[in-house]
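Welcome! Take a moment to look at the fold on your screen, and then let us walk through it together, one pair of helices at a time.

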Amino acid sequence: MKVEAWVFGVTAAFVWLFSPLYWFLSGDWTGTTALVMTALLASMGFGYLYFHASRMTPRPEDKLDGEIAEGAGELGFFPPFSWWPLWCAACLGVMVLGTVFGWWLFGVGFILGGVATAGLVFEYYRGEFAH
């Protein structure tokens with residue numbers, strides 16, 4: 001995790017260094033604000049990763065004498081193909097269109113979105129992939 005922390009740290013330092021330079025050369029408020037917010041976000045990522053990297057046991061790829069075999073084993077659970085994210089996105093689209101064409105359409109999208117979200121959450125409790 002220290003490598004990931006330093007990637008964020010170098011990015012934050014670069015953006016912090018060039019934000020004032022961008023302001024002086026362009027005078028653009030929008031770009032300067034975006035650069036400062038990018039620097040803040042990268043600094044936050046660096047702080048979080050550095051804090052946790054110093055308090056956890058190093059992963060095999062973090063150790064200088066780490067072996068490839070140390071990282072072997074099960075990596076985790078990867079879900080199979082699912083249609084539920086498509087229906088969640090479609091319901092969100094209906095809700096957005098409901099703010100344009102009428103609040104009744106927003107309500108329909110909200111109700112169907114609840115059904116789609118429940119289907120996404122409880123997908124692994126029924127059917128072929130039940131645990």
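At what angle do helix 3 and helix 4 pack? This is a predicted model, and in it helix 3 (residues 84-101) packs with helix 4 (residues 103-121) at an angle of about 165°. Their axes are 7 Å apart. Angles over 145 degrees count as roughly antiparallel, so helix 3 and helix 4 are roughly antiparallel to each other. Their crossing is left-handed. By class, the contact of helix 3 with helix 4 has 18 nonpolar residues, six polar ones and no charged ones.

Let us look at helix 3 by itself. With 18 residues at 1.5 Å a residue, helix 3 should span 26 Å, and the end C-alpha atoms are 25 Å apart, which agrees. Which residues of helix 3 are buried? They are C91, M95 and G98. Seen down the axis of helix 3, the buried residues fall within an arc of 55°, so they line one face of the helix. A general rule helps here: an α-helix has 3.6 residues a turn, so residues three or four places apart point the same way. On the other side of helix 3, you will find V100 and F101 exposed. L92 also has its place in helix 3. Is L92 buried or exposed? Its relative accessible area is 52%, and exposed means over 50%, so L92 is exposed.

From L92 we can step across to helix 4. The C-alpha atoms of L92 and L105 are separated by 11 Å, and these two residues lie 13 residues apart along the chain. L105 is one of the buried residues of helix 4, together with G109, G113, A116 and G119. These buried residues cover an arc of only 115° around the axis, which puts them on the same side of helix 4. On the other side of helix 4, W103, W104, F110, I111, V115 and V121 are exposed. The length of helix 4 can be checked too: its 19 residues, at 1.5 Å a residue, should span 27 Å, and its end C-alpha atoms are 26 Å apart, which agrees.

Now turn to the start of the chain. How do helix 1 and helix 2 cross? The axes of helix 1 (residues 2-26) and helix 2 (residues 29-53) come within 8 Å and cross at roughly 155°. That makes helix 1 roughly antiparallel to helix 2. Helix 1 passes helix 2 in a left-handed crossing. In their contact, the residues divide into 18 nonpolar, eight polar and two charged.

Methods. Residues are numbered from 1 along each chain as its sequence is written. This is a predicted model: local features need pLDDT of at least 70, side-chain atom pairs count only at pLDDT 80 or more; totals for chains, interfaces and linings use all residues. Side-chain values use heavy atoms; hydrogens and water are left out. Axes are lines fitted to C-alpha atoms, for helices over the stretch in contact, and angles run from 0 to 180 degrees between N-to-C directions. Helices (H or I, at least four residues) and strands (E, at least two) are DSSP runs, numbered from the N terminus. Angles under 35 degrees count as roughly parallel, over 145 as roughly antiparallel, 65 to 115 as roughly perpendicular and the rest as oblique. A crossing is left-handed if the near helix is turned anticlockwise from the far one by less than a right angle, and right-handed if clockwise. Ala, Val, Leu, Ile, Met, Phe, Trp, Tyr, Cys and Pro count as nonpolar, Asp, Glu, Lys and Arg as charged, and the others, Gly among them, as polar. The expected span of a helix is 1.5 Å times one less than its number of residues. Buried means under 20% relative accessible area, exposed over 50%, partly exposed in between (1.4 Å probe, protein chains only). The arc is that of the directions from the helix axis to the C-beta atoms.
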